[in-house]
Amino acid sequence: MHFHHHGYVSEDPRTLPAAGVGLNRPTELPDEMDVLIVGTGPAGMIAAAQLSMYPNVHTRIIDRRPHRLEIGQADGIQARSVETFQAFGFANEITDEAYRITEMCFWKPNPENPAEIIRTGRAPDDPNGISEFPHLIVNQARVLDHFAAFMKRSPSRMEPDFGWEFVSLEVADENAGEEYPVSVTLRRTCDVDEGTERVVKAKYVVGCDGARSKVRKSIGRVLAGDAANHAWGVMDVLANTDFPDIRTKCAIQSSSGSILLIPREGGHLFRMYVDLGVVPEGDNGKIRETSIEQVIAKANEIMAPYYVDVKNVAWSSVYEVGHRVTNHFDDASDIGGNPRVFITGDACHTHSAKAGQGMNVSMQDGFNIAWKLGAVLSGQSPSELLKTYSAERQVVAQNLIDFDKEWSTLMAKPAEEFEDPKFLEEFYVKTAEFPAGFMTQYTDSLITFGESRQELATGYPLGKRFKSELVSRVSDGNPIHLGHQATADGRWRVYVFADAAGQKINDWAAWWSDSDNSPQRHTPAGDTDALFDVRVIYPRPHAEISIPEVPSAFKPVVGAFDIEYWEKVYGVSEKHNIFADRGIGAKGAVVVVRPDQYVAGIFGLNETEALAEFMNPIFGG
């Protein structure tokens, strides 16, 4: 953790000095703001947390509830999300309190007695070591609490404005030249002024307000796709049982239906998705009237010869599986012009909960749009950057819909209809990378350099997330996960892998620091570390590297006292050679990573002009 550079810190170093809006943040919701986020769900809270790191960007986040969420409906945290939490500083905390999934058991009808189920297989949750982070189960409300804590400790001292309901919005004509072109009507939902309406103005609005999104409706976007045709009862319960795998994730298929069993954190609670069958045509939502007693009875029928004696129901619901997505995630990408309103999460894509993707994909939506808004509003990047949001995330959502259709169909399929009795287990293992969140791959755009030299770093696929690896920090010899040093501060990462001969690295560093064409010229005066987090990795052990001989480009001067920072210089780890593991040869490579942890470009050490041609337009030329 990087602190003390402004002087001695004796309190929590995660609490950053207040700055910008945080110096005199209005307690009450103001009339004007830069960004208004609607909804304090996962997408909204991660967007607010990211934007809270831009102290000169005035962001507010509202929710119709009068207080924080207490019981969340989403609970699955995929490894990609835990990687993201690392950037926000709470991966370890949430891992400590969560349930960790390490394997999945499969139960099917007993061939000798089809009325009863037997365990037929076990599969590891991450058979190929996709990430060093685990797959977790934890209450959604706790995830939101961690983001709220991050926001409150940020320079802008952001906190949610509860008790405000979104009613409608209007966007002024682009040619009108209004500083705050989005007029938003809100309604108070609590306290003495409940029911009163007011209009606030914003430069941008981000709708994170769920499947019935009013923000989506205000910009004329419509969810389209398959109608729901299968119903599930879901319940979080405390129960006694003789089922041996009650604390293990299970796919249970019986002659009476299917159950997806998810143990919850704390050692006692567990969730069951109980198959209620095909929804009859013309049902008109009647299936949602299924009582919790009926869901429990159905669960016991499916699990025979085992029983589940439910003692307490913490939460329950009945839902129908539908797969829908909007064709655009903003108000302007299909008509030209600059977008002013964006939608995220369930507001623009809905699907079943059984693939554990809802909260996870929604958070990546929020992360994606937030750093882009921060960069544009702080003057770092042109507004053209905002057009990449819908283009990137709509493709991801469609891929999710396609995967979830297949997985939810397989979960509902009777066991006897599978030609191969091991098909479900094999599908689970074979497709593990997708639900873990690692199949997202952005294509050529303003912020992804399609002509990258992929052969220089084959282990860092262009457009995919930057996979961390152990390196050895030269200053103290400590083993450090390279990717874990990236924080959600809006900066771009530039990882420079030195050439074996050591000639090109010094030339590159001199160009980065001194050239009029270097992206470093966009950095504000007085803080060489403000815009780019530049780190160097040498292809030899740390003991063979002398810090004073390392170019100054990798030892930025930081803080009020102009202190040289030495912790951005690494050698290879004793047990893990990052060069060999990530396909980086003797020529070295420059790997550029976006603020949301995706690989944006790969360049040779001698390809400085190509690097400049890619990066400079992102920062205004």
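Start by selecting cysteine 190: its sulfur sits 20 Å from the closest cysteine sulfur, in cysteine 208, so that is too far for a bond. The bond in question is a disulfide, here a pair of cysteine sulfur atoms within 2.5 Å. A disulfide is a covalent bond between the sulfur atoms of two cysteines.

Before you click on, note that this is a predicted model, where local features need pLDDT of at least 70, side-chain atom pairs count only at pLDDT 80 or more, and totals for chains, interfaces and linings use all residues. Residues are numbered from 1 along each chain as its sequence is written, and side-chain values use heavy atoms, with hydrogens and water left out.

Stay on cysteine 190 and look around it: at 13% relative accessibility it counts as buried (under 20% relative accessible area; exposed is over 50%, partly exposed in between, with a 1.4 Å probe and protein chains only).

Now pick cysteine 348. Its nearest cysteine sulfur, in cysteine 208, is 8.9 Å away, and cysteine 348 is in no disulfide. Cysteine 348 is buried too, at 0% relative accessibility. In fact, the structure holds 0 disulfides.

Next, colour by domain. You want domain 1 (20-73 + 140-225 + 324-431), domain 2 (99-137 + 228-321) and domain 3 (454-618); the bounds come from an automatic or database domain assignment.

Zoom to where domains 2 and 3 meet. Their C-alpha centres lie 46 Å apart, and 5 residues of domain 2 are in contact with 5 residues of domain 3 (heavy atoms within 4.5 Å). About 320 Å² is buried between domain 2 and domain 3, with 41% of that from carbon and sulfur atoms; this is the accessible area (1.4 Å probe) that two parts lose on being put together, summed over both.

Select Ile130, Glu132 and Phe133 in domain 2: these lose the most area to domain 3, together 85% of what that side buries.

Last stop, charges: how many salt bridges cross the interface of domain 2 and domain 3? The rule finds 0, looking for a side-chain nitrogen of Lys or Arg within 4 Å of a carboxyl oxygen of Asp or Glu.
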